[in-house]
Amino acid sequence: MNSMTRRLVIGTAAVSMALSLAACGDDKPSSSTGNQSIGLLLPERSSSTRYEAFDKPLIEASVTGMCTKCTLDYANADGDEKVQKEQFDALLSRGVKVILLDPVNASVTAPWVEEANRKGTKVIAYDRLAAGNVAAYISFDNQRTGELQGQALLEALGKRAADAEIVMINGAETDPNAADFKTGAHKSLDGKVKRIAYEQSGEWKPEVAAAKMDEAISKLGKNGFQAVYSANDGMAGAIIDELHKAGRNDVPVGGQDASLDAVRRILTGEQAYTIYKPYQPEADAAANMAVYLVKGIDITAVASTMTESNGLQIPSMLLTPIVVTKAKVVETVIDGGLYKAEEVCTPQFAKACKDAGVPGTY
């Protein structure tokens, strides 16, 4: 087991150990009676594959594994703020005890949370910090994520960095995480590159990111920039397609989420890096805190930090993201258990996998 794998295993174990005490004795009478359902509202389906592929099944498995009497009430808004509000109201009407909320638009959720608190339902902000007096917040250190993205882009540029002009395609302005990623990326890039030549929001939508990339090419000229920062992998794929159409195959492009297609693009050299945020410890932390609240147990003792939100101090758990480059695919997403080698290395990518030293028969 290499050092990266050990860190991933230890990190997951630490989260589980820190939060599992209240889950013990699950079948004993709870201090709360009646409904023991936990709502889970995720924000996207089509623009990011992580939520359906990882977050939902992992949270569900963790909840049911820790609380045999708990049920998960799940919905995905697929990027529609109004749909998510309807889903939230429906959970309240069904009397759920706790809602894990990953908001489409975090800035509008304060009255949602207030209404939930009035009805005795606790809201946990999952992955994105929802506005309002939420009971807890579980995510990764998002500004650090942006810093790592910026640093990885600089490393991909190497000696060209000081003279490089950069295109930045950020996440949705309604997502506070996107603002943190942007802040962190600027912290790494500003003063280290010639200038940010073009910067726009891609709204977490590949089609919007493609249009913004096309606009940047038109404004700057197809050779008028040397690298592209993309806030996530879904947008990065669309950006790379536009670059290929323009005849540019030499532009470092980074992303985030360690999606399967992004890992393959890294192996083939089309994408420079992604950011791996191990989903299992995040899902475990969310499930454990939700079970704590269902059982009426105080969660502040297990919060690793506090996050300030509009004057409120929110008990939080912020996990550490990891950069994935071609040289680190094996020790991160494969040894870390996100993907199996044969899952990544389909026949189309077998040569790229072999060249990168990915072990296995494929």
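**Exercise 1. Determine whether cysteine 345 is buried or exposed in this predicted model, and then characterise the disulfide to which cysteine 345 belongs.**

Solution. Begin with the accessibility: cysteine 345 has a relative accessible area of 3%, and since buried means under 20%, cysteine 345 is buried. Next, take the bonding partner, which is cysteine 353, the two sulfur atoms being 2.0 Å apart. Cysteine 353 is likewise buried, with a relative accessible area of 0%. Finally, consider the torsion about the S-S bond of cysteine 345 and cysteine 353, which is about -95°, so the disulfide is left-handed.

**Exercise 2. State how many disulfides the model contains, and which handedness belongs to the bond between cysteine 67 and cysteine 70.**

Solution. The count comes to two disulfides. One of them joins cysteine 67 to cysteine 70, with an S to S distance of 2.0 Å, and both of these cysteines are buried. The torsion about the S-S bond of cysteine 67 and cysteine 70 is about 65°, so this disulfide is right-handed. If the bonded cysteines of the protein chain are numbered in sequence order, the pairing reads 1-2, 3-4.

**Exercise 3. Count the aromatic pairs, and classify the geometry of phenylalanine 54 with tyrosine 279 and that of phenylalanine 88 with tryptophan 112.**

Solution. There are four aromatic pairs by the rule applied here. For phenylalanine 54 and tyrosine 279, the distance is 4.9 Å centre to centre and the angle between the planes is 20°, and the pair is stacked. Phenylalanine 54 belongs to helix H2 (residues 50-66) and tyrosine 279 to helix H10 (residues 279-294), so the pair ties together parts that are 225 residues apart in sequence. Both phenylalanine 54 and tyrosine 279 are buried.

For phenylalanine 88 and tryptophan 112, the ring centres are 5.4 Å apart and the planes stand at 50°, so this pair is tilted. Phenylalanine 88 lies in helix H3 (residues 81-93) and tryptophan 112 in helix H4 (residues 110-118), so the pair ties together parts that are 24 residues apart in sequence. As to accessibility, phenylalanine 88 counts as buried at 0%, and tryptophan 112 is buried with a relative accessible area of 6%.

Two further ring environments complete the solution. Phe54, Tyr279 and Tyr339 form one aromatic cluster, and the charged end of arginine 248 sits over the ring of phenylalanine 225, at 5.2 Å from the ring centre.

**Exercise 4. Compare the span of helix H10 with the expected value, and describe how H10 is covered and what follows it.**

Solution. At 1.5 Å a residue, the 16 residues of H10 should span 22 Å, and the end C-alpha atoms are 22 Å apart, which agrees. Turning to accessibility, H10 is mostly covered, with 15 of its 16 residues buried. The helix is followed by glycine 296, whose phi is positive, near 75°.

**Exercise 5. Establish the strand order of the four-stranded open sheet, and identify which strands stand at the edges.**

Solution. The order is S7-S6-S8-S9, and the pairing is parallel. Strand S7 (195-201) and strand S9 (253-254) each have a single partner strand and stand at the edges, so one side of each is left without a neighbour in the sheet. Within the sheet, strand S6 (residues 165-170) pairs with strand S8 (residues 227-230) in the parallel sense over four bridges, and isoleucine 169 stands opposite serine 230 in S8.

**Exercise 6. Locate aspartate 78 and glutamate 203, and state the sign of phi and the accessibility of each.**

Solution. Most residues other than glycine have a negative phi. Aspartate 78, in the loop between S2 and H3, nevertheless has a positive phi of about 50°, and at 36% relative accessibility aspartate 78 counts as partly exposed. Glutamate 203 is found in the loop between S7 and helix H7 (206-220), where its phi is near 60°, again a positive value, and at 39% relative accessibility glutamate 203 counts as partly exposed.

**Exercise 7. Place aspartate 73 in the secondary structure and find which residues, leaving aside neighbours within four places in sequence, are in contact with it.**

Solution. Aspartate 73 lies in strand S2 (residues 71-76). Once its neighbours within four places are set aside, aspartate 73 is in contact with Ile38, Gly39, Leu40, Leu91, Arg94 and Val96. For valine 96, the separation from aspartate 73 is 23 residues in sequence and 8.3 Å in space, C-alpha to C-alpha.

Terms used: Residues are numbered from 1 along each chain as its sequence is written. This is a predicted model: local features need pLDDT of at least 70, side-chain atom pairs count only at pLDDT 80 or more; totals for chains, interfaces and linings use all residues. Side-chain values use heavy atoms; hydrogens and water are left out. Rings of Phe, Tyr and Trp (its six-membered ring) pair if their centres lie within 6.5 Å; planes under 30 degrees apart count as stacked, over 60 as edge-to-face and the rest as tilted. Helices (H or I, at least four residues) and strands (E, at least two) are DSSP runs, numbered from the N terminus. Buried means under 20% relative accessible area, exposed over 50%, partly exposed in between (1.4 Å probe, protein chains only). A charge sits over a ring if NZ of Lys or CZ of Arg is within 6 Å of the ring centre and within 35 degrees of the ring normal. A disulfide is a pair of cysteine sulfur atoms within 2.5 Å. Two strands pair if DSSP finds at least two bridges between them. The expected span of a helix is 1.5 Å times one less than its number of residues. Contact means heavy atoms within 4.5 Å.
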